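Hi there,

Here is the structure I promised to pass on to you. Please open it alongside this email, and the notes underneath should help you find your way around.

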Amino acid sequence: MSDPSGEAGPTGPTWRGAEPPEIALGWADYLRAALRGLLIVLLLLGGIVVKLAVLLAERVIRGGQRVWSPVVTQVVCRLVFVILGMRHAARGARMTGRGAYVANHSSWLDIFALNARRNVLFVSKAEVAGWPGIGLLAKLTGTVFIKRDRREAKAQPKVIEGRLLEGDRLLFFPEGTSTDGRRVLPFKTTLFEAFLSDALKPDLQVQPVTVIYHPPPGADPAFYGWWGDMALGPHLLQVLGARRQGHLEVVYHDPLRVADFANRKALARAAEARLRTAHPSEGNV
C-alpha cells in the first residue's frame with residue numbers, strides 16, 4: 001500500500017501504526033457487497049470500452065492529445081460513489097495553468113475520490129502496471145509508473161519533469177504510504193526536486209489537496225482507511241457491504257508558486273502545512 005512518491009529509491013516504510021477495526025458482516029451485508037461490487041465491475045468494464053474508443057478517436061482526430069478521455073474517467077469515478085451510496089463533496093478552487101497536485105493517502109478510494117472532481121494522472125509504483133485489472137485501469141488513465149530502485153532515484157524527477165513539461169497534471173502522495181486516514185505523515189521530498197528544474201520553476205504551481213473520510217454513523221473513525229498489511233478483499237467487503245455509508249470531502253487549497261521556494265524541502269514543508277490545515281487530525285474538521 002506504499003506509494004513511490006516518497007524519498008529516493010524504494011518507498012518509505014509501510015505505515016502500521018494502528019490496528020485495523022474489526023467489522024462483523026451479516027448475510028445482508030454480503031449480499032449488498034455482491035450487488036454493489038457487480039455494478040462497479042460492470043461500470044468499470046463499460047468505462048474501459050468507452051475509454052478505448054475515445055482514446056482511438058483522440059489519436060485519429062487530435063493526434064493523441066487527451067481532450068475527451070479524461071471526462072470518461074471523471075464520470076466513471078463519480079458513478080462509483082453513486083453505486084456506493086456515499087456522498088462526495090469538494091471545496092476550494094482547482095488551479096489553472098501548469099501544475100501538480102499533492103495529497104494525503106488513506107485508501108484505494110483515493111483514486112476514485114480525486115479523479116471524480118478533477119481528472120489527474122497518478123504517480124504509481126511500476127509493479128501496479130502488472131496487477132490484473134487494476135494495471136489496465138491505471139494504464140488507461142495515464143498513470144505515470146516509477147520503479148522503486150535507488151539506482152534510478154536520480155532519473156525519477158526527470159520522468160516527472162518531462163510529463164509536466166508536456167502539460168500533464170500529475171498527482172502524487174508524498175507520505176509514501178497509506179494511513180488510517182486519521183493523520184498526515186511527514187512528506188518525503190525527493191520528487192519535489194522535479195518541480196525546481198529551470199524549465200518548470202518559473203510558472204509551475206503545486207496545489208495541496210486534503211482528502212477527508214467521515215465514517216458511517218457509529219463506525220470506527222478509520223473505517224475507510226486501508227493500510228499496513230490489510231488484505232484488499234476484506235476491506236472491499238467492508239466498504240461495499242456497509243448498510244449506511246459515511247461521506248468524504250476533497251479540499252483544494254491555494255496553490256503554491258514553486259518560484260517562491262529555494263529548495264525542495266521548503267516547498268514540501270509548505271505543501272504539507274497547507275494540507276494539514278483542513279485535516280481532522282489538526283482539529284479543523
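Below is what I found, going from the whole protein down to single residues.

**The overall picture**

Please keep in mind that this is a predicted model. The protein contains 7 helices and 8 strands. Along the principal axes, its C-alpha atoms fill a box of roughly 60 × 50 × 35 Å. The radius of gyration is 19 Å, which agrees with the value near 19 Å for a compact globule of 285 residues.

Of the 285 residues, 52% are buried. If you take the contacts with a separation of 6 or more, 76% come from residues 24 or more positions apart. The exposed surface comes to about 13300 Å², and carbon and sulfur atoms supply 58% of it. As for charge, there are 36 positive and 25 negative side chains, with the centres of the two sets 4 Å apart.

**The loop between β5 and β6**

Two residues here are worth a look, beginning with Asp180. Asp180 sits in the loop that runs between β5 (170-172) and β6 (205-214). Is Asp180 buried or exposed? Its relative accessible area is 3%, so Asp180 counts as buried, the cut-off being under 20%.

The side chain of Asp180 has two polar partners to show you. One is the backbone nitrogen of Arg182, which the Asp180 side chain reaches at 3.0 Å. The other is the side chain of Arg183, with a polar contact at 2.8 Å. Setting aside residues up to four places away in sequence, Asp180 touches Trp15, Ala18, Ala222, Gly225 and Trp227.

Thr179 belongs to the loop between β5 and β6 as well. Thr179 is buried, because its relative accessibility is 0%. A polar atom of the Thr179 side chain lies 3.1 Å from the backbone nitrogen of Gly181. With residues up to four places away again left out, Thr179 touches Trp15, His105, Ser106, Leu185, Gly225, Trp226 and Trp227. If you compare the two lists, Trp15, Gly225 and Trp227 appear among the contacts of both Asp180 and Thr179.

**Strand β5**

Leu171 is found in strand β5, and with a relative accessibility of 1% it is buried. How far apart are Leu171 and Val102, C-alpha to C-alpha? They are 5.5 Å apart in space, although their positions lie 69 residues apart in the sequence count. Beyond residues up to four places away, Leu171 touches Tyr101, Ala103, Leu114, Val120, Leu121, Phe122 and Val123.

**Two helix residues**

Val239 is part of helix α6 (residues 232-240). Its relative accessibility is 0%, so Val239 counts as buried. Phe223 is 16 residues from Val239 along the chain, and their C-alpha atoms are separated by 8.0 Å. Phe223 is also one of the contacts of Val239; the others, leaving aside neighbours within four places, are Arg36, Leu84, Trp108, Leu109, Tyr224 and Gln245.

Gly135 is in helix α4 (residues 134-140). Gly135 is buried too, because its relative accessible area is 0%. Which residues does Gly135 contact, leaving aside its neighbours within four places in sequence? The answer is Val128 and Ala129.

**The loop between α3 and β3**

The last stop is Asn119, in the loop between α3 (109-117) and β3 (121-125). Its relative accessible area is 17%; buried means under 20%, so Asn119 counts as buried. Apart from residues up to four places away in sequence, Asn119 touches Pro70 and Thr73. Asn119 and Glu272 are 153 residues apart along the chain, and 22 Å separates their C-alpha atoms.

If you would like somewhere to begin on screen, try Asp180 and its contact with the side chain of Arg183, then step back to Thr179 and the backbone nitrogen of Gly181.

Happy browsing, and do write back with any questions.

Best wishes

Terms used
Residues numbered from 1 in each chain as written. Predicted model: local features only at pLDDT ≥ 70, side-chain atom pairs only at ≥ 80, totals over all residues. Heavy atoms only, no water. Helix = DSSP H or I, 4+ residues; strand = E, 2+ residues; numbered from the N terminus. Buried < 20%, exposed > 50% of the residue type's maximum accessible area, 1.4 Å probe, protein only. Contact = heavy atoms within 4.5 Å. Rg over C-alpha atoms; globule rule 2.2 N^0.38 Å. Areas by Shrake-Rupley, 256 points an atom, 1.4 Å probe, with all protein chains shown as cover. Lys, Arg positive; Asp, Glu negative; His and termini not counted. Charge placed at Lys NZ, Arg CZ, Asp CG, Glu CD. Polar contact = N/O pair within 3.5 Å; in protein donor to acceptor, adjacent residues only side chain to side chain.
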